[in-house]
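New page in the notebook. I want to see how the ligand is held here and then check a few backbone oddities.

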Amino acid sequence: MTKEQPVRLAVFASGSGSNFEAIVRAFQTDQINAEVALLVCDRPDAFVLKRAETLGVPSVAFRPKSFDSKEAYEQEVLDHLLGASIDLVVLAGYMRIVGNTLLKAYPNKLMNIHPSLLPRYPGKQGIVDAFEDGATQTGVTVHIVDEGIDTGPILAQETVAIEPDDTIESLERKIHAVEHELFPKVIQTYIKKLQKEHA
Ligand code: GAR
């Protein structure tokens, strides 16, 4: 990474990819010396791949189960990241625990978004867990990824109220709306910090 060259970002996603799309659109319109250079997907039938095609972002899709081990899968992913000169990785609905192969290759350069106020409600269904727990508020967390599940230093959090008339669906809509605003902003702030460190 140099000050002049754009920072090259890879997004990892497993599903619909609404956050992926929000990030790509923000990077296309905002004044930032960075680009979304690659989508990495671990489900070849995920809708996010169609979004990447429409948005003109190169993508690779894998079936992790077809590899002999998690290390072998992550090594293949890493080869693609290095081949595309990726500086920073963001997980946007990537439903897999990141292992040492990727963690070691991208120390402090792996970021995740989670739909709760961590450390509350980690795991695969943060929205449902908060709702079913009867919580009156939840939210969104962006954090640096470490070896844990939805742990690691927190970069930003935003609270979302759970109103008495909310349903899981309405709560999900509110959380996604917050995510789509917050995540691109936090990524861009982090990129500016990295660029300053390399100036
Ligand atoms: C998002 O709500 C994201 O926070 C969550 O998956 C959703 C993906 O939606 N991530 C996690 O739960 C990670 N533990 P999207 O595919 O529409 O961006």
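Which residue has a backbone N or O atom 3.5 Å from an oxygen atom of the ligand? I looked it up, and the residue is Ser16. A caution for myself before going on: this is a predicted model.

**Entry: polar contacts.** Next I turned to the nitrogen side of the ligand. The side chain of His114 has an N or O atom 3.0 Å from a ligand nitrogen. The side chain of Asp150 also puts an N or O atom by a ligand nitrogen, at 3.5 Å. I then checked how much of the ligand is covered: on its own it has 460 Å² of accessible area, and the protein covers 91% of that.

**Entry: the surroundings.** Where does the ligand sit? I found it in the largest pocket. Three elements each give two or more residues to the shell around it: α1 (18–29), β5 (110–114) and α6 (168–197). I counted 13 residues around the ligand, and the closest are Gly17, Ser18, Asn19, His114 and Glu179. So His114 turns up twice in my notes, among the closest residues and with its side chain 3.0 Å from a ligand nitrogen. Sorted by class, the shell holds 8 polar, 3 nonpolar and 2 charged residues.

**Entry: the annotated domain.** I looked at the UniProt record too. Its unreviewed entry puts the feature "domain: Formyl transferase N-terminal" at residues 8–187. That span is 37% helix and 23% strand, and its end C-alpha atoms lie 12 Å apart.

**Entry: backbone oddities.** Which two residues does a cis peptide bond join? They are Leu118 and Pro119, with omega at about 15°. I placed Pro119 in the loop between β5 and α5 (126–132). I also noted Ser85, which is not a glycine but has a positive phi of about 50°. Ser85 belongs to the loop between α3 (70–83) and β4 (88–91).

Note on methods: Residues are numbered from 1 along each chain as its sequence is written. This is a predicted model: local features need pLDDT of at least 70, side-chain atom pairs count only at pLDDT 80 or more; totals for chains, interfaces and linings use all residues. Side-chain values use heavy atoms; hydrogens and water are left out. A residue is near a molecule or strand if one of its heavy atoms lies within 4 Å of it. A polar contact is a pair of N or O atoms within 3.5 Å; within protein, one must be able to donate a hydrogen and the other to accept it, and residues adjacent in sequence count only if both atoms are side-chain atoms. Accessible areas come from the Shrake-Rupley method with a 1.4 Å probe; for residues, only the protein chains shown count as cover. On a 1 Å grid over the protein atoms alone, a cavity is a set of points where a 1.4 Å probe fits but cannot get out, and a pocket is an open set with protein on both sides within 12 Å along at least five of seven lines; lining residues have an atom within 4 Å of a point. A molecule sits in a cavity or pocket if more than half of its atoms lie within 2 Å of its grid points. Helices (H or I, at least four residues) and strands (E, at least two) are DSSP runs, numbered from the N terminus. Ala, Val, Leu, Ile, Met, Phe, Trp, Tyr, Cys and Pro count as nonpolar, Asp, Glu, Lys and Arg as charged, and the others, Gly among them, as polar. UniProt positions are given in the numbering used here, feature names are shortened, and annotations may be inferred rather than shown by experiment.
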